[in-house]
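I opened this structure to take notes on confidence, fold, core and a few backbone details. My entries follow the order in which I looked things up.

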Amino acid sequence: MLFKPSLSCVLLICTFGAVNAVAAPVYLNETNISVAVGSGTSSGSFNNTFAGGNTINKVIDAPSADAEEFHNQSTHIWFTADSVGGGLELDFDFGQEYDISTLHFWNYTGENFDVDEIDFTFFSASNTEVGTLEVFPDLGSSPGIKAQDINLAAPLNVQYVTAFLTGSNRQVDFQNIGFSAEVSDPTNPGTDPAPVSGPGSLGLLGIAMASLFGRFRPHRKWV
Ligand SMILES: [Ca+2]
Ligand SMILES: [Ca+2]
């Protein structure tokens, strides 16, 4: 027996596919976001950070979350605050709203220079503050520095991120900051749990399947 699924059934299955197609996190780096030194940066010195024509873009130049970097003047950022509590502010613009899931941080390998704390502030596309987080990263791996992956309980719908990096001894030295994130669902106000890949989309599939099989129920003839 041949069954013809209804149009609504086909549409629902397509919707399920589309919802899940946008669910894969992407790695954000210099190809899809921008970064600048923020005005909240304390008085201090950038040492050799910008020597040889280097720019702050080297904080987002890792080609992937798994990339390895070696510590040299072309790869790292080194800031020394004038006083304890001072630090470096970085302002990220994602270009559109994302739901961040993971922070990737390539720290310096020794306690005398590494980053000890990162204070994040998150903003929506309308530049409204939507949350803050404190992160205390580990020392970087040695000799090749690979990222520590930190699950970030960031708010949804984030376009702008401010990161304030400090060292307990005024030294702030690291290689890269990266984020893995999904493009936000434009219909989600940003205050609800993440809507993708969950019971909601499975529910749509369930409705579709019910619609499909509902059409195949044999017609019983009551006599
Ligand atoms: Ca770098
Ligand atoms: Ca330190």
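The entries below go from the whole chain down to single residues.

**Entry 1: confidence**

I began with the scores, since this is a predicted model. The protein averages a pLDDT of 84. I noted that 74% of the residues score at least 70. Then I looked for weak stretches. Over residues 9-20 the pLDDT is below 50. That stretch still has 19 contacts in the model beyond near neighbours in sequence. Residues 192-196 also stay under 50. For them I found eleven contacts beyond four places in sequence. I leave the fine geometry of such places alone, because coordinates with low pLDDT should not be read in detail.

**Entry 2: overall layout**

I listed the secondary structure next. The protein has two helices and twelve strands. The order from the N terminus is α-β-β-β-β-β-β-β-β-β-β-β-β-α, with a helix at either end of the list. Of the 223 residues, 29% count as buried. I also checked sequence separation. Among contacts between residues at least 6 apart, 84% join residues at least 24 apart.

**Entry 3: the pairings of E6**

Which strands pair with E6, and in what sense? I took the partners one by one.

- E12 pairs with E6 in the antiparallel sense over nine bridges. Within this pairing, Phe105 has Ile177 as its bridge partner.
- E11 is also antiparallel to E6, over seven bridges. Here Leu88 is matched with Leu165.
- E10, residues 148-151, runs antiparallel to E6 with four bridges. His104 has Asp149 as its bridge partner there.
- E2 and E6 are joined by four bridges and run antiparallel. Val35 stands opposite Phe92 of E6.

**Entry 4: the nonpolar core**

I then looked for the largest nonpolar core, which has 38 residues. Which residues have the most contacts inside this core? They are Leu90, Val158, Val161, Ala163 and Leu165. Strands E5 (77-81), E6 (88-107), E7 (117-123), E11 (158-166) and E12 (171-183) each supply at least two core residues. E6 gives the most, with nine residues. As background, nonpolar side chains tend to be buried together in soluble globular proteins.

I followed one of the core residues further. Leaving aside neighbours within four places in sequence, Val158 is in contact with Phe94, Glu97, Tyr98, Ile100, Phe122, Phe123, Ser124 and Val130. Leu165 came up twice in my notes: it is listed among the core residues with the most contacts, and it is the bridge partner of Leu88.

**Entry 5: Leu28 and Ser39**

I picked two residues for burial. Leu28 lies in strand E1, residues 26-28. Is Leu28 buried or exposed? Leu28 counts as buried because it has 22 C-beta neighbours inside 10 Å, and the cut-off for burial is 20 or more. Not counting residues up to four places away, Leu28 touches Ile33, Phe94, Gly178, Phe179 and Ala181. I checked one C-alpha separation here: Leu28 and Gly178 are 150 residues apart along the chain, with 6.2 Å between their C-alpha atoms. Phe94 appears in the contact list of Leu28 and in that of Val158.

Ser39 is in the loop between strand E2 (34-37) and strand E3 (44-45). Ser39 counts as exposed because it has 7 C-beta neighbours inside 10 Å, and 12 or fewer is the limit for that class. Its C-alpha atom is separated by 7.1 Å from that of Glu89, 50 residues apart along the chain.

**Entry 6: backbone exceptions**

Last, I searched the backbone. Most residues other than glycine have a negative phi, and most peptide bonds are trans. These are the exceptions I wrote down.

A cis peptide bond joins Ser142 and Pro143, with omega about 0 degrees. Pro143 is in the loop between strand E8 (129-135) and strand E9 (145-146).

Asn47 has a positive phi, near 50 degrees. Asn47 is placed in the loop between E3 and strand E4 (68-69). With 15 C-beta neighbours inside 10 Å, Asn47 counts as partly exposed.

Asn157 has a positive phi too, near 60 degrees. Its place is the loop between E10 and E11. Is Asn157 buried or exposed? Asn157 is buried, with 23 other C-beta atoms within 10 Å.

Note on methods
Residues numbered from 1 in each chain as written. Chains lettered and ligands numbered in written order. Predicted model: local features only at pLDDT ≥ 70, side-chain atom pairs only at ≥ 80, totals over all residues. pLDDT = per-residue confidence, 0-100. Contact = placed C-beta atoms within 7 Å. Core = buried A, V, L, I, M, F, W, Y, C linked by C-beta atoms within 7 Å. Pairing = 2+ DSSP bridges.
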